[in-house]
Amino acid sequence: MVYAVRVVYRYVRRYFKFLLVGVMNAAVDLGVLNALLLAFPTRSPLVLMAYNTIGVIAAICNSYLWNRFWTFGDIATGSRREKMKFALQSLINLVLNDAILVGANDYLVTHRGLPYMLGSNIAKGGAMFVSSSVSYVFMRMFVFKRRNVLHLETHRR
């Protein structure tokens, strides 16, 4: 029973760390996107996607550092294989993020009549929510996962 409580605690703690890193990533991502939109206003979906891509890449770099060394620090190895898996997960995140942002922004601005900055930020919020949820599953189950139970037992002693 005590072991089960520890396992649940570890998973809950890790998830909350991931959420905190996600808040930092959101600040980086939204900060870059909005800085670019304010400095170089546009209504072009391609330019919006380019701005978003720059913001997402900045957030992905932030995400790797915090998740590798803090959220999943006890199980992350920093191996080439792990980095390649993270890069694949990041590419999926980026494509999903861009697709949702552009599609939702078009709907909100063109069909619902919202101001461009407002529509872009609402669309970005939805894109971040969906892509970060998918990202957590990928990172937990695919990128940063324990290799075997013996490894886990060795670290506890």
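In the predicted model, Leu20 is located in helix H1. With a relative accessibility of 43%, Leu20 is classed as partly exposed. The C-alpha atom of Leu20 stands 27 Å from that of Gly103, a residue 83 positions away along the chain. Gly103 belongs to helix H3 and is likewise partly exposed, at 38% relative accessibility. Between Gly103 and Ala26 the C-alpha separation is 19 Å, with their positions 77 residues apart in sequence.

The chain as a whole contains five helices and zero strands, and its elements follow the order α-α-α-α-α from the N terminus. Along the principal axes, the C-alpha atoms occupy a box of roughly 60 × 35 × 20 Å. Of the 157 residues in the chain, 37% are buried. When contacts between residues at least 6 apart in sequence are considered, 74% join residues at least 24 apart.

The largest nonpolar core comprises 13 residues. Within this core, the residues with the most contacts are Phe18, Phe72, Phe86, Met139, Val143 and Phe144. Two or more residues are contributed to it by each of helix H2 (45–71), helix H3 (80–111) and helix H4 (116–143). A separate core of 11 residues is also present, and its members include Leu33, Leu101, Tyr116 and Ala123.

The surroundings of Phe144 were examined with neighbours within four places in sequence left aside. On this basis, Phe144 is in contact with Phe72, Phe86 and Met139, which also appear among the residues with the most contacts inside the largest core. Its partners further include Tyr64, Asn67, Arg68, Ile75, Ala76 and Glu82. The contacts of Phe144 thus take in the charged residues Arg68 and Glu82.

Glu82 lies in helix H3 and has a relative accessible area of 5%, so this residue falls under the 20% limit and counts as buried. Leaving aside neighbours within four places in sequence, the contacts of Glu82 are Tyr64, Arg68, Ile75, Ala76, Thr77, Val143 and Phe144. Among these partners, Arg68 also forms a salt bridge with Glu82, with an N to O distance of 3.9 Å. The two residues of this pair are 14 residues apart, Glu82 being in helix H3 and Arg68 in helix H2. Arg68, like Glu82, is buried.

In total, three salt bridges are counted in the model. Side chains of opposite charge can pair when their charged atoms come close. One of the three bridges joins the side chains of Arg14 and Asp74, at 2.9 Å from N to O. Arg14 is part of helix H1 (residues 2–39), whereas Asp74 sits in the loop between H2 and H3; the pair therefore ties together parts of the chain that are 60 residues apart in sequence. The two partners differ in accessibility: Arg14 is buried, with a relative accessible area of 5%, while Asp74 is partly exposed at 40%.

A further salt bridge is formed between Lys124 and Asp29, whose closest N and O atoms are 2.8 Å apart. This pair connects helix H4, which holds Lys124, to helix H1, which holds Asp29, across 95 residues of sequence. Both Lys124 and Asp29 are buried.

Lys124 also takes part in the packing of helix H4 against helix H2. The axes of H2 and H4 are 12 Å apart and enclose an angle of about 35°, and the crossing of the two helices is right-handed. On the H2 side, the contact is made by Leu48, Asn52, Val56, Ser63 and Asn67. On the H4 side, the participating residues are Tyr116, Ser120, Lys124 and Met139. By residue class, the contact is made up of four nonpolar, four polar and one charged residue. The charged residue is Lys124, the partner of Asp29 in the salt bridge described above. Met139 of H4 is shared between this helix contact and the set of residues with the most contacts inside the largest core. Tyr116, also of H4, belongs both to the contact with H2 and to the core of 11 residues. Asn67 of H2 lies in the same helix contact and is in contact with Phe144 as well.

How values were computed. Residues numbered from 1 in each chain as written. Predicted model: local features only at pLDDT ≥ 70, side-chain atom pairs only at ≥ 80, totals over all residues. Heavy atoms only, no water. Core = buried A, V, L, I, M, F, W, Y, C linked by side-chain atoms within 4.5 Å. Buried < 20%, exposed > 50% of the residue type's maximum accessible area, 1.4 Å probe, protein only. Helix = DSSP H or I, 4+ residues; strand = E, 2+ residues; numbered from the N terminus. Contact = heavy atoms within 4.5 Å. Salt bridge = Lys/Arg side-chain N within 4 Å of Asp/Glu carboxyl O. Axes fitted to C-alpha atoms, helices over the stretch in contact; angles between N-to-C directions. Left-handed = near helix turned anticlockwise from the far one by under 90°.
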